[in-house]
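Me: I would like to go through this structure by question and answer. Please keep each answer short and end on the value or name I ask for.

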Amino acid sequence: MRVSRRKFLQAGSAALVGLSVKGDRPITGSFVNDSFQLGHQLRDRSTFPEVRKLEKHSVVIVGGGIAGLSAAWRLHKRGFTDFIVLEMNDQPGGNSRWGQNEITAFPWAAHYVPVPGPKAAYVRELFEELGVLRNGEWDERYLCFAPQERLFLYGRWQQGIEPAIGLADRDREQFRRFEELIHKFRDSGGFTIPMERGLSPKQADLDRLPFSQWLRAQGMDSTILNWYLNYCCRDDYGALASDTSAWAGLHYFASREPEEKGPLTWPEGNGWIVKRLLERLGPLVRSGRIVHRIEPRKNDLSVFCGDTEHKTRFVIFAAPTFLAPYIVEGMTRLQEFEYSPWLTANLTLDRMPASCGGDSTWDNVVMNSPTLGYVDAMHQTLQSRVERTVWTFYWALADGAPAENRRRLLEKDWSYWKEAILHDLERVHPDIRQCVSRIDLMRLGHAMARPKPGAIFSPERRDLAGRNGRFLFANSDLSGFSIFEEAQYRGVRAAEKVLATLGGKS
Amino acid sequence: MGILLFISVLLIAACGLIYELIAGTLASYLLGDSVLQFSTIIGCYLFAMGIGSALSRYLSRGLAYRFVWIELMLGLIGGFSSALLFLAFAYSQGFQIILYAVVMVIGMLVGLEIPILMRIVRERYQFRDVVAHILTFDYLGALGASLLFPVLLVPHLGLVRSAMLFGLVNVAVALWSTFLFAKQLPSVRGLRVLCALVMCALALGLAQARRITTAAEDNIYADEIIFARDTRYQHIVLTRFKDDIRLFLNSHLQFSSRDEYRYHEALIHPGLAAVPAPRRVLVLGGGDGLAVREILRYPQVESVTLVDLDPEMTRLFATHPMLTRLNQQSFQSPKVRIINADAFPWVDSNADSFDFIVIDFPDPTNYSLGKLYTTAFYRAAARHLSAQGLMVVQSTSPMFSRDSYWCIVETLKRAGLKTCPYHVYVPSFGEWGFVIASGHEYVPPTSVPAGLRFVSLDGLPSMFQFPPDMSPMSMPPNRLNDQVLVRAYDQDWKDISH
């Protein structure tokens, strides 16, 4: 048989095409839950509908994230129901929103709560009510299953995220010294959750310093220690250590002493808590309602939402505080509130990728990646066999100016981010493209409050956080950083202040 | 004639090298340590070639006749060398003696070839041409063989058939020589018939090579494998040696039919016989139906619910005649209901109550299986217990994985259950441990079913006694968020194997 050169080439290229078809498994997906258009309407002072309806309430809560829902939870629990929660997005929950597909529920952002210490009384109270804490014992179904975390470095996985392999003596010594210093700060009582409890002017100096600079001053120059601490800042604040206040960098470590191996987590992340709260609150929470103006009047306030004017005695402003000047009549722009932009992705995996050794874990981090790694939504399953799953991939755009990164977040299209994510994952899962069938992306321009140097002790923050009266702020950004415990604390505190005034009256 | 002669040289050189390579490969493959095997075999072979060359001087007359005979013998011995060695490894104790004997014989015959051939053709050429030509083709043949062997022969033909193929080449050279040297040969016809016979033998061997290797390999890997399947969940292998059937899941031994009755009687009767009027029984795991066989000895039991992950496993034990004989067709009983489901979610979502629960999972070798040994799982399982109900848990070996065993006991306690640990000796497993757990104190039975081969009322008390080398260890409980058991189990087995 003779094969002509042409035929041979044809057959060869057909084979190559066949290969590439097999290699490039189609991956679908889109941007979801975009809310920047709504925010931009406020910023650009777009025209909103004329008022057609009038409602009266004692309390209007603006924002249906953890802070707003926690304020509502406290009011409701006290038997007080003359209030509404107005949420701009179609789905309440804020940073604790979640999604659901045929495989599992999955988080869109916040995915865990560290096991709360004894000072976090409100969090413990909530978890007792939800059955997570019973007779002083945490239900192990809600504690993150073993093995919890792993880190990919030097071409392999290690258990735990703090680098433990390949350390030189100097690295080890610095890790140990950092640990000792954290112990001292912890014992000082100045670093607590809620943060307001322990905040002391003695530590104001720390807040003025970038965390990276403080580390240098302590002689901690180990590349690996700095990678780790930088990772922690990106993970909790969406900021580099050089953009984070040293006080905040230390608070991350010094505020918690876990009594139980945790954290608390659910397939849908903190969406599980939101679901429980929504079950209790029912129609008191109205979503898809953007509040565009709030006017303080002589004896009450008017909250304008769509074509409705809500007359109310109290407003709890639980939406991100930076939005308030765009909405509240007569309020000046804020200077100290900075936010980090984030991208989160949910990847649907039709099969599990091959892993370079190591049991699969809940949280998976790759050393020296610009991203934060991924969390496995099926990790908390009781099944012993898992064939499909959803990974939530986190990417805080920490490097560079937030405004610049927000622009990048909106400019680049879906396939740009899809490729960037797959490229990042391919380093540890070379076959990831054969496993993923869908990638949905959520862009959050102002995802988390960023505790930049000076933010914690700034008079602006302390003034807004300490307010009393008819108009109260409640977002977690009043604490300088966005974590569940602070959001819940701020929400409950605002509700307590309202109840104290109302209770005094009745 | 010249070129044909030199092609013969090329071919016999290739054959000689192939036999050497086959012997070396086979020895490394069967004995390991390839450096040692190859060095000794090459050394031995070259030494034997030297002996052959030295002996060639004692052959003076009838050189062509002798050459044909040498080729015939090489074809026969070399051709069957690989098959012979495989069978020798499988069926005899003296594999190495046979190996080196074969290498020596082949080496000596190969060592004879070239000197004799040189002498046969020396009248026709100048001496320096003879040496130059013959050695050139000799080395060329060696090069060809050394390239062919790894690239084509081993991957495509295998060792047994490669040897036979080159045996055929040797015989072909013999046959050809009867034409080349016809004038120097006394009886050409007799030699040609002999060549044809040896060729037939080799051709037959080539056709039957697969049966030879299978016969040898079956014996190398001891027991006959009667069933092997990759299911969605596991790799199932069944082996049989005489009357002993063994089940391996992911290469872990699950039972041996010779002593499984000890395991399954001990798993079921101390618990079930102690339950007053047991009607409803739940088995988690146990897809082999052997625990169910024991449960069906109690006529008062009305229903047995078996939850096993793998439908192929339960189907196999419901249909394979050898296996249904073993479980006495327990899956055919109208009392038995089989549910193929993941145990933890099933236990968590089901609301039925049972008088006896059997928890018989594979050992906690990984975090996925470890979930089935946690306080959370035992709490969920205990919710299914009736007031008088008991459950029994397969709990690894208190002897070989002592920490793991007592960790399971502690986990059951921390799940709020009263526990009663016990152990038995199962020859194919060694000392094996179980735990009875329930909401109330366990009271041993006053009778056990008739016809048991292992469990008896007299023998019961000793099961509950733990000698000092298996006595309780202080262990934390195994929890979903802190699977100490998986780590302990891993460590226990590492300690044993080191």
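Me: Which residues of chain A does B:Asn481 touch, leaving aside residues up to four places away in sequence?
Reply: The model is a predicted one. B:Asn481 sits in the loop between α16 (460-463) and α17 (484-497) of chain B. Its contacts, not counting residues up to four places away in sequence, are A:Glu140, A:Leu143, A:Cys144, A:Phe145, A:Ala146, A:Lys261 and A:Gly262.

Me: Is B:Asn481 buried or exposed?
Reply: A residue counts as buried if 20 or more other C-beta atoms lie within 10 Å of its own. B:Asn481 has 23 C-beta neighbours inside 10 Å, so the residue counts as buried.

Me: What distance separates the C-alpha atoms of B:Asn481 and B:Trp493?
Reply: B:Asn481 and B:Trp493 are twelve residues apart along the chain. Their C-alpha atoms are separated by 23 Å.

Me: Which elements of chain B give two or more residues to the side that touches chain A?
Reply: The contact takes 14 residues from chain A and 19 residues from chain B. On the side of chain B, nine residues are nonpolar, five are polar and five are charged. The elements that give two or more residues to this side are α12 (343-349), α13 (367-370) and α14 (375-382) of chain B.

Me: Which are the edge strands of the open sheet of seven strands in chain B?
Reply: The strand order in this sheet is β7-β6-β5-β8-β9-β11-β10, with mixed pairing. From one strand to the next, the twist averages 15 degrees. An edge strand pairs on one side only, and here these are β7 (336-339) and β10 of chain B.

Me: Why is strand β11 (residues 430-438) of chain B described as largely enclosed?
Reply: In the sheet order, β11 of chain B stands between β9 and β10. Strand β11(B) is largely enclosed by the rest of the structure because, of its nine residues, the number buried is seven.

Me: Which residue of β11(B) is the bridge partner of B:Pro421?
Reply: Strand β10 (residues 418-426) of chain B pairs with β11(B) in the antiparallel sense over nine bridges, and a hairpin of three residues joins the two strands. On the other side, strand β9 (residues 385-394) of chain B is antiparallel to β11(B), with four bridges. B:Val393 stands opposite B:Val435. The bridge partner of B:Pro421 is also B:Val435.

Me: Which residue of β9(B) stands opposite B:Phe356?
Reply: Strand β8 (residues 354-360) of chain B runs parallel to β9(B), and five bridges join them. Opposite B:Phe356 in β9(B) stands B:Leu390.

Me: At what angle to β11(B) does helix α15 (residues 402-414) of chain B run?
Reply: Helix α15(B) lies across three strands of chain B, namely β9, β10 and β11. Its angle to β11(B) is about 5 degrees.

Me: How do the residues of the contact of α2(B) with α4(B) divide into nonpolar, polar and charged?
Reply: The axes of helix α2 (residues 34-55) and helix α4 (residues 95-121) of chain B come within 6 Å and cross at roughly 45 degrees. That angle makes α2(B) oblique to α4(B), and the crossing is right-handed. The contact includes B:Ala48 and B:Gly52 of α2(B) and B:Gly107 and B:Gly111 of α4(B). By class, the residues divide into 15 nonpolar, five polar and no charged.

Me: Which residues of helix α10 (residues 246-254) of chain A meet α9(A)?
Reply: Helix α9 (residues 223-237) of chain A packs against α10(A) at an angle of about 90 degrees, with the axes 10 Å apart. That makes the two helices roughly perpendicular. A:Leu229, A:Cys232, A:Cys233, A:Asp236 and A:Tyr237 in α9(A) meet A:Ala248, A:Gly249 and A:Tyr252.

Me: Which elements of chain A are among those that cover the buried residues of helix α11 (residues 271-281)?
Reply: The buried residues of α11(A) are A:Gly271, A:Trp272, A:Ile273, A:Val274, A:Leu277, A:Leu278 and A:Leu281. Just after the helix, A:Gly282 takes a positive phi of about 55 degrees. The cover of the buried residues includes α3 (66-77), β3 (98-100), β4 (105-107) and β11 (285-286) of chain A.

Conventions. Residues are numbered from 1 along each chain as its sequence is written. Chains are lettered from A and ligands numbered from 1 in the order in which they are written. This is a predicted model: local features need pLDDT of at least 70, side-chain atom pairs count only at pLDDT 80 or more; totals for chains, interfaces and linings use all residues. Two residues are in contact if their C-beta atoms, placed from the backbone, lie within 7 Å. Ala, Val, Leu, Ile, Met, Phe, Trp, Tyr, Cys and Pro count as nonpolar, Asp, Glu, Lys and Arg as charged, and the others, Gly among them, as polar. A residue is buried if 20 or more other C-beta atoms lie within 10 Å of its own, exposed if 12 or fewer, and partly exposed in between; C-beta atoms are placed from the backbone. Two strands pair if DSSP finds at least two bridges between them. Axes are lines fitted to C-alpha atoms, for helices over the stretch in contact, and angles run from 0 to 180 degrees between N-to-C directions. Angles under 35 degrees count as roughly parallel, over 145 as roughly antiparallel, 65 to 115 as roughly perpendicular and the rest as oblique. A crossing is left-handed if the near helix is turned anticlockwise from the far one by less than a right angle, and right-handed if clockwise.
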